[in-house]
Structure formats: C-alpha cells, structure tokens
Amino acid sequence: MGEWTWRAFKIVQSIVERLPRPWAYALAVVAARIAWWFSPLARPRLEYNLKVACPELTEAELKRLSRLNFRNHAKAYADLMMLPHTRVGELRPLLHVKGLEYLEQAREIGKGVMVVSCHMGSYEVVAAIWSATLAPVTFFAEELEPRALYEWYRDTRARLGISVLPLDLAGLRKVTQALRDNEMVITAIDRDITGTGRTMPFFGKPAPIPMGPAAMAIRMGTPLFPVCVYRLPDDSYMVEGSPLVVADPAADEKAEERRITLELVRNIEGFIRAHPDQWHVPHRIWDGGP
Amino acid sequence: MKVGLVSPYDFASPGGVTDHVRYLSGQLREMGHSTRIFAPSSRKQVDYEGFHRIGSPISIPVNDSVARISLSFHLANQVAAIVEQGAFDVLHFHEPLMPALPITMLRMSRTANVGTFHAFAKSNVGYYYGRPLLQPYLDRLHRGIAVSEPARDFFNRYFPGFSLRVIPNGVDTTVYRPGLSPIRHLRDDNVNILFVGRLEKRKGLGYLLRGYEFMRQRVANARLIIVGDGPLRGQAESFIARHRLPDVVMAGYVPDTVLPRYYDSADIFCAPATGGESFGIVLLEAMACGLPVVATEVPGYMSVLEPGHDSLTVRPKAWAELGAALVILARDAELRARMGAAGYEKAQRYSWGAVASQVVEVYEEARRAAVAGSLEEMHVHDAV
C-alpha cells in the first residue's frame, strides 16, 4: 500500500469506525461491488486462484463466487476498520467455535499452540474477540508498508491484547517465548510473503509454501492446529479447527518437515474448498497467474 | 444479608465508582450475601449478575470531568416499588447526595442506609449552597464511609457534624498481578512508561507528554504507552506529531480483560493528575502488578503512596520534575525493582476481601442504628 492509499484508508476508516455495524456492512457491500467492476488486477487474480482451487466451476459460477468473495472481503475490511472502537465483549456471542477439544489437547501438551490458518474470513476480529475474552493471542505476520499502516495495525490489535510480531529473528525469539509460556501463536501459510518458502503442491500446482510452522513443530515439539475462520449468513463468525498435527521427534528432520507441511496444506485446501467465497487472496500465489 | 447497592453513574461506561460497585457486589456475593445493583445505564442490555437498570444517563461536566448520571425525577414510582418489594436489610448508596437516583431512593428507603462518599475536589458548589436542602437527606443515612482521608475531609468541610469511616477502595489482586502474558511487541529493550486514565484535563496527560519529551532527550530507550480515551485525544495526538515524540503508543480504550496485561508490559507507572482525585485506584492496580509509580502530589494519591518507598512524587503540573523522576527510574533498574516490590506488598493490604469485610462491619452497625432509630420513633408516637 502506498502513502496515499494509506491516507485514503485512514479517512475511510475514521468514518466507518463511527458507523453502526449494519451501516458499515452496507457501505462495504456497495464498495465491494464497485471494486469488483473496476479493479484492474485484484479480480482476475482472485478468479485465477479460485479456479485453481475449484476447477469444476463454470464461468458463471466463478463470476458469482468472486462477487461473493469481494463482498465478504469488504465486510472483513469493515470489521477491521471498526476494530478501534469495537466493544469486543459485546461481540463474544457472535463467535462460534468448532473443534475446541483439539485446542484443549494442545494445551495439555504444554508447549504452546501454533494455529496455522489461511487468509480467510474476518480473522482479525475473531482473533480480537478470542484475545480479549478468552486467552492471549500472538500474530506472527509480515510487516506492512508504509510504516504508519503497520503501526496502526499493531496498535489496533494490541488494544485488544494481541501481540504482533514481525517475521524476523527478533520476532521469532519472542514467538518461541510465547510458545514456551504455553500461549497461542497464529500464522498463515497460504501465501509466502518473505519469499523463503519451499515449493510444494497446493491444489495440485507447485506454489511456494512457508516451512516455518513445520520447523517450529519439529524443534520445539509444538502441536500445530489447522484452523479456518468464516462468516455465517447472519454475520456471526465461525472458527473451525481440525485435528492437531504433531511432529514425530524420531523421524528424519527434512522428511518430517515436508510431511507436516503437506499435511497442513491438505487441511487448508479442505477449508478453502468448503468456503471458497471467503478465501480472500487477490494476490499471485502460483507462477503463471495474472 | 440482603444488600442493595445504588450508584448514580452510568453502569455501562467504565469509571471508578462503577468498578467499585461491581467489585464490592462480587465480593459480597462470595461472602454469602445477596446483592442487587441499581444504576442508570446508557445501554439497555447490561450482562451483569444482579444489575437492575433505572433510567438512562446524560453527560454533565463536573470537576473537570464528565459525570454520566440520570437526572430524571420521574423515577419515583419505579424506585418506590423497588424499595417496597426488595425488602433489603441494607441499602448502600454511592455518592448518596447525587441526583437523581441515590437521593430519590434515599428519601424512600425504610431500611438501614449506608452512604459511601467517593468524590474529592477543590470545592463543591452543590454541597455549599445545597446544605440546608441536603441535610435532611443526610440525616437518613445511618452510617457513612469515605474512600480516603481527602474524600472525608472534603465532605466534612461542608457537613462537619457527620462522621465518616475511611474504608479504602480495593484492588482485585487475583486479576492485577505480576506474571501475566505481556503484549509481546512492547517488551523489548525500551523502558515502558504506562499512563492509564480518561484523556481529560485533570488527568494531566499534557504534563506527562512534556515530561516524556524532557526525558527522551536524556534516556533514548524509552516508550510511552497511553491507555484510555477521552476528549483530549486529538490534542494529545497533535502534540505528539508536532513535537515529533518518538515511541509513543496511543492504545485507546483497552477492555478490562486486557488491561492487567498492559500493566505487566510496563516498567514504570505514571499518574500525573493535577487534582480532583480522591483515591487513585489506578495506582493500586499498578502496584498490585509490581510497578514503581511516578505520581503527582495530589491529596488522593498521597493517601495511597509512600514517596521514596514505592514511588517518586512530584508537584502537580511540574513537568520538568516529572521528566526528571522518570529519568531516575528509567536509568535504575534496581530501584525500579525495589519500589515495585514495596508497592506489590502494599497492594495486598487493599484486596477486595479485606475491604468488603470492613464494609460488612459498617452494615451491621447501620442495621443496629436503624433498629434503635425506629424504636425511638415508636416511643415518640406512643407518647403522642
């Protein structure tokens, strides 16, 4: 995001945060429609990604899906923009959780929980509700540009008790500390942002996938918890987790890293195929895409 | 014992008196008493055990702050029904002479009445001119409590004959304690200075910002974390931008569940209020989390602090002194640890368990006084 885009974002954000939730969503729906019509790159990229994820879709279905995806993405942005003023305690009833027992299992192991997710649904607001009402959460994510945007993101999340650590060595050290304190660290593996990922099959096509979570699982014994977040038709939020992925300390490190990452990718693929309208990736994932 | 707690302030927005009522109610319930809370609320649905909403509040500027109270005197019927049907053993009024809820309820109450006075200010025009009107209401109170000596002295300046027992505010030492998970990106080589409070004039944030500027020229590795929201937020932000103050985090309003983690992410707590503080509950919270305190010498704070032992204190509005005190603490980790430990020990004496049992003692006294009072009334009646 450039300097001017950031300024525009901040102006829109300061308006949206003062609106009641239904109004903000109404505005988001209108903005989504405009963006869907006029975005030069985002829509082709998203449609390309969706077509890879769901090859059986016809042209008309794909169009409908991408329109719905834009709409949900805009609502997720509205959620994010409202976050500085949101009274998160009041949103607690809107959060539904499936697979909480896996989290309990992971907690019992006592080596922290690494939640591995993808860019899906209103993960910002869900993490905020979780952090402010249930347990501390740490985000392990890229540093955004410009700096002012990153700081806004970080402070907005921090208000609700979310620690935001950058994908660098200092960040990694703190993530290790958080896991040692048996806390929850959230990261996403559907996009390789740092450019250090290994090529793996993702929906049957080679794509760079971050190996960090698998490496952590092997070195620290931390269980990995594949999770996805999506919006229900009544605009409440669902968090769905699948069984834990645990590293085998006896296995060969390289092979194990690969096995774990493949396992995670398989889970993430399942989530995306179940809710393709909520996988918000108007970005380039596979080589050869627009 | 069946206790009714009455507060004049908006129950849905955070504040010292509201928190006091919540904690006291929780602690009394734990001790086996049954409680109900009566207060106005700006939100219809407030999910709190035993809360009963009476009226909605409006904002009124008083004491350099904004009080959100209900001013409707049409509540009388509702209040009368509650007093009648509630059959309370004790009605505990917070700020009993405040319109409209406490004073209306006090007038109708036929049971033992206890009043807690929280406020402290330079002067109170309402008390001064309203004395003849308020005195009959005050006579209905069987026992009175003040949250601190300054609050007591302030009240006795206007009503010298009425004796008040000082029972301090409490702090929930199970919630505010060291060792919670910090906000991790705030934990680095920087010394974190924490401010917690509504961003309004009397909290003195402006002086802290100047003090921080003074300090940053001497200590490079420092960060200021400002927790709270309020009317002065825009001004504070523009001051930070104009003076290019580095490493200032405006956290905004932080939910209660997260606030203790902010204390645990800080190294120094700073309370620069310029006056009008009767107690300073934030100081206790900070001390309970083991933080050394830099505060201004306002009466409310001084009733909690022991300068040199658990805190460094400076004159109100003296921002250079404030900055110097911050420099001293920021440069000396050992001093911070020693003061933090002293503060932690002191905070344990203010736990809600200890406070609530003192309050229950006052309830018992009030009940005895109420019975004696009603007997007296009967004798007079018989004589007539």
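The following paragraphs describe a sheet, a nonpolar core and a chain contact in a predicted model.

Residues are numbered from 1 along each chain as its sequence is written, and chains are lettered from A and ligands numbered from 1 in the order in which they are written. Because the model is predicted, local features need pLDDT of at least 70 and side-chain atom pairs count only at pLDDT 80 or more, whereas totals for chains, interfaces and linings use all residues.

In chain B, an open sheet is formed by seven strands with parallel pairing, in the order β3-β2-β1-β6-β7-β8-β9. Helices (H or I, at least four residues) and strands (E, at least two) are DSSP runs numbered from the N terminus, and two strands pair if DSSP finds at least two bridges between them. The edges are occupied by β3 (51–53) and β9 (165–166) of chain B, each of which has a single partner strand, so one side of each is left without a neighbour in the sheet. Helix α1 (residues 16–30) of chain B packs on the sheet and touches β1 (2–6), β2 (34–39) and β6 (90–94) of chain B; contact requires C-beta atoms, placed from the backbone, to lie within 7 Å. The direction of α1 makes about 165° with that of β2(B), where axes are lines fitted to C-alpha atoms, for helices over the stretch in contact, and angles run from 0 to 180 degrees between N-to-C directions.

The largest nonpolar core (buried Ala, Val, Leu, Ile, Met, Phe, Trp, Tyr and Cys residues joined through C-beta atoms within 7 Å) has 188 residues. A residue is buried if 20 or more other C-beta atoms lie within 10 Å of its own. The residues with the most contacts inside this core are B:L194, B:I225, B:Y262 and B:L283. Its largest share, nine residues, is supplied by helix α4 (residues 59–82) of chain A. Beyond neighbours up to four places away in sequence, B:Y262 touches B:I183, B:L194, B:I225, B:V227, B:A251 and B:V254.

Between the chains, 13 residues of chain B are in contact with 20 residues of chain A. Strand β12 (residues 248–252) of chain B gives the most to the chain B side, with four residues. B:V258 is placed in the loop between β12 and α8 (259–263) of chain B. With 23 C-beta neighbours inside 10 Å, B:V258 counts as buried. Leaving aside neighbours within four places in sequence, B:V258 is in contact with A:A132, A:L160 and A:G161. The C-alpha atoms of B:V258 and B:P182, which are 76 residues apart along the chain, are separated by 9.6 Å.

Note on methods
Contact = placed C-beta atoms within 7 Å. Buried ≥ 20, exposed ≤ 12 C-beta atoms within 10 Å, placed from the backbone.
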